[in-house]
Amino acid sequence: MKKEITVNSSDTKSAREKDYSRYFVAPNLKEAKKRGKEDIQVVQFDGIDEELKNLGRGKTFLMRTYGCQANEHDSETISGILGRMGYTPTEEENEADIILFNTCAIRENAEDKVFGELGRLKHLKKEKPDLVLGVCGCMSQEEAVVNRILKSYPHVDLIFGTHNIHRLPVLLKDALYSKEMVVEVWSKEGDVVENMPKVRQNGLKAWVNIMYGCDKFCTYCIVPYTRGKERSRRPEDVIAEVRDLARQGYKEITLLGQNVNAYGKDFTDIEYGFGDLMDAIRQIDIPRVRFTTSHPRDFDDHLIEVLAKKGNLVEHIHLPVQSGNSEVLKKMARKYTREQYLELVRKIKEAIPDVVLTTDIIVGFPGETEEQFKDTLSLVEEVGFDSAYTFIYSPRHGTPAAVMEDDVSAAEKKDRLQRLMDVVNRLSREKNEALRGQVVEVLVEGESKNNPDVLAGRTRTNKLVHFTGPKEYIGTFIHVKIIEPQTWTLKGEVVTKVEV
Ligand code: SAH
Ligand code: SF4
Ligand code: F3S
């Protein structure tokens with residue numbers, strides 16, 4: 001049994017002196033906020049020690065992943081590392097030798113789910129004391145979360161941070177042999193680790209990190225604290241990875257970064273931005289290239305020019321606006337106004353007339369008035385988004401917005417979310433209706449979730465299409481005529497197979 005310990009998270013030294021564990025480094029939000037001037041080092045994953053390579057032979061792990069694509073992709077890396085240690089994946093909780101939660105801290109409800117799961121697994125851990133229960137991802141970067149786990153969930157064996165993934169083999173070994181909870185969460189990170197093993201979950205579509213971290217510090221957002229400072233991967237490393245994926249037969253890649261438009265700004269030896277990277281990737285023989293997420297502030301003309309060349313660069317841009325009111329945008333520290341956002345949209349539409357724009361919106365930011373909210377509704381109409389992720393503002397401890405005065409009631413926020421969703425859904429339906437009778441190119445991904453007789457795939461603009469056809473179509477490109485557009489999906493029928 002573990003002792004219940006309470007540790008001041010910033011006081012990691014005294015924790016170590018008391019020898020709670022060989023690895024005890026807890027997160028520190030103040031450290032995480034700092035942005036140093038030191039150069040970013042690219043370091044190579046130093047492999048897995050011989051003695052650790054067989055640690056998992058005959059054993060299984062179960063991963064539960066929450067949050068954004070960055071986390072999905074991190075889970076692929078974690079699976080890759082565990083695979084190299086001999087572990088195999090399982091979906092069976094009762095069988096698993098390791099259960100890992102790769103967590104998200106973006107909103108309170110994401111965190112609540114994980115705490116609920118940790119509580120639920122207390123019994124399983126009691127029955128199976130050898131089970132290793134681990135928490136990683138963005139929640140582990142938060143002091144309050146680590147303290148709460150130390151205090152109330154002592155059956156957790158391992159906590160490691162988003163910057164400590166490459167340390168998993170040694171941390172896991174320590175967790176297996178130590179009686180105490182192993183905690184290693186670095187708060188400040190300036191490195192890019194290359195060559196980590198990955199087990200990609202999908203044989204058709206692959207995530208590719210182009211950068212890590214975020215320096216934007218939007219006042220509501222926890223990500224700059226949980227993911228550290230902006231660090232770009234070297235273009236040659238990104239390009240080599242994309243070429244390799246093309247060789248392996250992947251059909252689509254999504255370039256990942258919290259703010260891909262800031263790509264390359266941290267290079268001190270070369271002038272090389274996101275537009276340059278896209279122009280290089282455009283020339284690689286991979287059918288579809290997407291990217292997420294774009295911050296409107298850094299979206300430059302060169303990038304628009306490159307995207308307009310199309311080819312494998314798809315005509316879909318996810319461009320989070322957050323609010324349609326300039327005062328709210330200012331309080332959010334988004335660093336653009338409503339007018340600047342609309343001007344950017346105008347330029348993009350001029351260069352790419354068939355572009356599909358999607359967005360993220362927060363309602364109920366502290367002090368948001370009804371008038372300000374209405375500006376968001378009108379902006380949504382004016383841009384004509386094809387779809388939007390909509391959220392009620394959730395205060396995040398340690399961020400500036402969390403201490404802003406807020407006189408908007410929870411009921412009012414809920415009502416605004418509903419009104420916004422009504423507008424967004426109507427627009428989605430209208431946009432999809434305009435596709436009736438048109439022929440679109442679909443990458444067939446598999447059977448539909450609800451009906452194995454129906455195939456499902458996506459258009460270049462990332463719209464979900466359902467149609468009937470032979471299973472051999474899975475993994476290929478098909479031309480589909482849209483017969484019945486709906487709000488979230490398009491029903492169609494096969495016209496021809498496409499040679500790509
Ligand atoms: N880096 C991306 C967004 C990552 S978070 C970008 O800047 O576009 C995804 C979305 O979650 C954000 O766009 C925002 O709409 C939402 N979000 C972030 N923090 C939030 C909070 N505290 N409450 C509610 N929604 C939030
Ligand atoms: Fe968060 Fe803003 Fe960075 Fe996006 S750009 S991750 S919303 S701080
Ligand atoms: Fe969540 Fe972290 Fe992504 S907070 S949205 S998993 S970067």
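**Figure 1. The shell around ligand 2 in the predicted model.** Seven residues of this shell are nonpolar, two are polar and two are charged. One stretch of the sequence supplies C214, K216, F217, C218, Y220, C221, V223 and P224. Q258, H295 and R334 complete the set. The two charged residues are K216 and R334. The two polar ones are Q258 and H295.

**Figure 2. The shell around ligand 3.** C68, N71, C104, A105, I106, C138, V223, R227 and Q258 surround this ligand. Six of the shell residues are nonpolar, two are polar and one is charged. The charged residue is R227. Both domain 1 (4-184) and domain 2 (194-433) contribute, with at least three residues each. V223 and Q258 also appear in the shell around ligand 2.

**Figure 3. T219 and its surroundings.** T219 sits in the loop that runs between β11 (211-212) and α9 (223-227). Its relative accessible area is 10%, so T219 counts as buried, the limit being under 20%. A polar atom of the T219 side chain lies 2.7 Å from the backbone oxygen of K331. K331 is also among the contacts of T219 beyond four places in sequence, together with M332 and A333. Further along the chain, T219 touches F365. T399, P400, A401 and M404 complete this list of contacts.

**Figure 4. Helix α11 and the elements packed against it.** This helix covers residues 274-281. Six of its eight residues are buried, so α11 is largely enclosed by the rest of the structure. The buried residues are F274, G275, L277, M278, D279 and I281. They pack against two helices, α10 (235-247) and α12 (301-307). They also pack against two strands, β13 (252-256) and β14 (288-292).

**Figure 5. The whole protein, for orientation.** The secondary structure consists of 16 helices and 22 strands. The radius of gyration is 23 Å, close to the 23 Å that the globule rule gives for 500 residues, so the protein is as compact as a globular protein of that length. Along the principal axes, the C-alpha atoms fill a box of roughly 65 × 55 × 50 Å. Of the 500 residues, 56% are buried. Among contacts with a separation of 6 or more, 76% join residues 24 or more positions apart.

Methods: Residues numbered from 1 in each chain as written. Chains lettered and ligands numbered in written order. Predicted model: local features only at pLDDT ≥ 70, side-chain atom pairs only at ≥ 80, totals over all residues. Heavy atoms only, no water. Near = heavy atom within 4 Å. Domains from an automatic or database assignment. Helix = DSSP H or I, 4+ residues; strand = E, 2+ residues; numbered from the N terminus. Buried < 20%, exposed > 50% of the residue type's maximum accessible area, 1.4 Å probe, protein only. Polar contact = N/O pair within 3.5 Å; in protein donor to acceptor, adjacent residues only side chain to side chain. Contact = heavy atoms within 4.5 Å. Rg over C-alpha atoms; globule rule 2.2 N^0.38 Å.
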